[in-house]
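Here are a few notes to read alongside the model. Keep the viewer open and find each part as you go.

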Amino acid sequence: MLKRKRAQQTELEFISIEELVPEDHLLRKIDRTIDFTFIYEKVEHLYCADNGRPPIDPVDLFKMLFIGYLFGIKSERQLEQEVNLNVAYRWFLGLGLRGKAPDHSTISRNRRERFAGTEIYQEIFDEIVLQAIRRKLLEGKTIYTDSTHLKANANPNKYRKRKVKKSTRSYMKELDKAVNDDRKAHGKDPLDPIERKPEEKENRVSNTDPDSGYMRRERKPEGFCYLDHRTVDSKHSIITDVHVTPGNVHDSVPYLDRLDRQRERFGFEVENVGLDAGYFVNHICKGLADRDIYGVMPYTRTSVKKGMLKKTDFVWDEYYDCYICPQGEILNYATTNRDGFREYKSKKEICCNCPLLGQCTTRKTKIKTIHRHVWEEYREQVIEHRYEDHGKKIYDRRKETVERSFADAKQLHGHRYAKLRGIENVSEQCLMAAVCQNIKKIAMHYTRGGTDNYFSLFFRQYRHLFRPVKGFIGLLSQSGNSCLQPVQAFS
């Protein structure tokens, strides 16, 4: 028979908060595998030792921020409400059932005042990476780098135009030396050294967020945004580096500096890198060769008018230092310009009577000129890597590592939009999102199957001690001891 249930919300029950949080909850896994006590040491110098009101525990403060990024909570005000309502969040912060979550304004003030201008977020990120290294979850031998855009918190229609100076590339001194060496090798006089003045260009500067950059890229939304340049390790897709720039900065500009930072900070012995087509430039290819790193990048096709001959239609002869056109004529070396390009030119008297002249050049001089960079050989090496089995294997992993990392960040951790304004605040957002993705991967790796397996955690960390035992058991199993057969599943 139908019976109406009366709402009874005034009953008193004796219950522990431990019973209300499921054993396989993500926060339980994180709490059991990640050590956050290092935060005390990192923030100690930011607090007064003997004056002021008692602060909120800094570990709990950052744990609260982690909850926001782990579960895609958009604002600090909403984060305060969710912590007060969610039992699992309360358990993770140690609040109990009656404790009150820190006020959202407390988080804001700490971010704007205490932590502003510090490297605390970078230090926390680095420490989590070091924990992953100690747990053997990354090797630093094969890494992947790419960038993704975050839409800035700025109106795309409110801007002013301003002339800005383009930053001088860090490799220009090295390029000038390479140009003069190349000219000497060809019997040319070296170029006089000149002071390279930064070029000026007109940029759109946002009125609401001047730190952002106006991005115009093919198949990308146009507008003010930031770029998150991220590096991911191949073994378990642990994020090893995060760097934020305005949206109008080319991907290749910060790459080598960030690569060197990882090698110095974490001691990585990088052997292979997989990169997007945006990094396929001469100085990146040379930089990888100088560091003895095997680089794999996709080939980018040069835009040529329909019906015109491409540069690849001309054969490069390294021995005689010349190009050979489709008609078998030779384009000899002419000079090397300041931009680092050798110029190979044809002879006018031969080209005038060539049947392919209309497809070769549209210049009135009827002279075909082909440019070859002084570092072109390094670029050609990277092109060859794409066709090797080792290179194909490396590049195939790219979509499973850095691309998937960005997809998870956008779908689950609020990485589509910049929550705050200013490059420092956006850097905080990107670093904290990466930290949460890393601690999530570390926790899930050691808690497979839904419940924590402490034996599995111990065995994976000290597997090298069990290898002799495993081999001995395997020999016994092959000798006919059927009772030992199930032990093979131990490995």
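1. Start with helix α11, residues 282-290. Seven of its nine residues are buried, so the helix is largely enclosed by the rest of the structure. Bear in mind as you look that this is a predicted model.

2. Which residues of α11 are buried? They are N282, H283, I284, C285, K286, G287 and L288. Here "buried" is a matter of relative accessible area, with the cut-off at under 20%.

3. Now see what sits over them. The cover on the buried residues of α11 includes three helices, α9 (172-185), α10 and α14 (376-385). Strands are part of that cover too, among them β7 (272-275), β8 (294-296) and β13 (369-373).

4. Step just past the end of α11 and you'll meet D292, which has a positive phi of about 55 degrees.

5. Next, the empty spaces. The model has three cavities of 30 Å³ or more, and the largest has a volume of about 60 Å³.

6. Which element gives the largest share of that cavity's lining? That's α10, with four residues. You've already met α10 as part of the cover on α11. Both β5 (223-233) and α10 (255-266) supply at least two lining residues each.

7. If you want to pick out the lining of the largest cavity yourself, select T145, H229, T231, D241, D251, P254, Y255, R258, L259, Q262 and Y279. It's a mixed group: four are nonpolar, four polar and three charged.

How values were computed: Residues numbered from 1 in each chain as written. Predicted model: local features only at pLDDT ≥ 70, side-chain atom pairs only at ≥ 80, totals over all residues. Heavy atoms only, no water. 1 Å grid on protein atoms, 1.4 Å probe; cavity = no way out; pocket = protein on both sides within 12 Å on 5 of 7 lines; lining within 4 Å. Points joined across faces, edges and corners; volume = space filled by probe spheres on them. Nonpolar A, V, L, I, M, F, W, Y, C, P; charged D, E, K, R; others polar. Buried < 20%, exposed > 50% of the residue type's maximum accessible area, 1.4 Å probe, protein only. Contact = heavy atoms within 4.5 Å.
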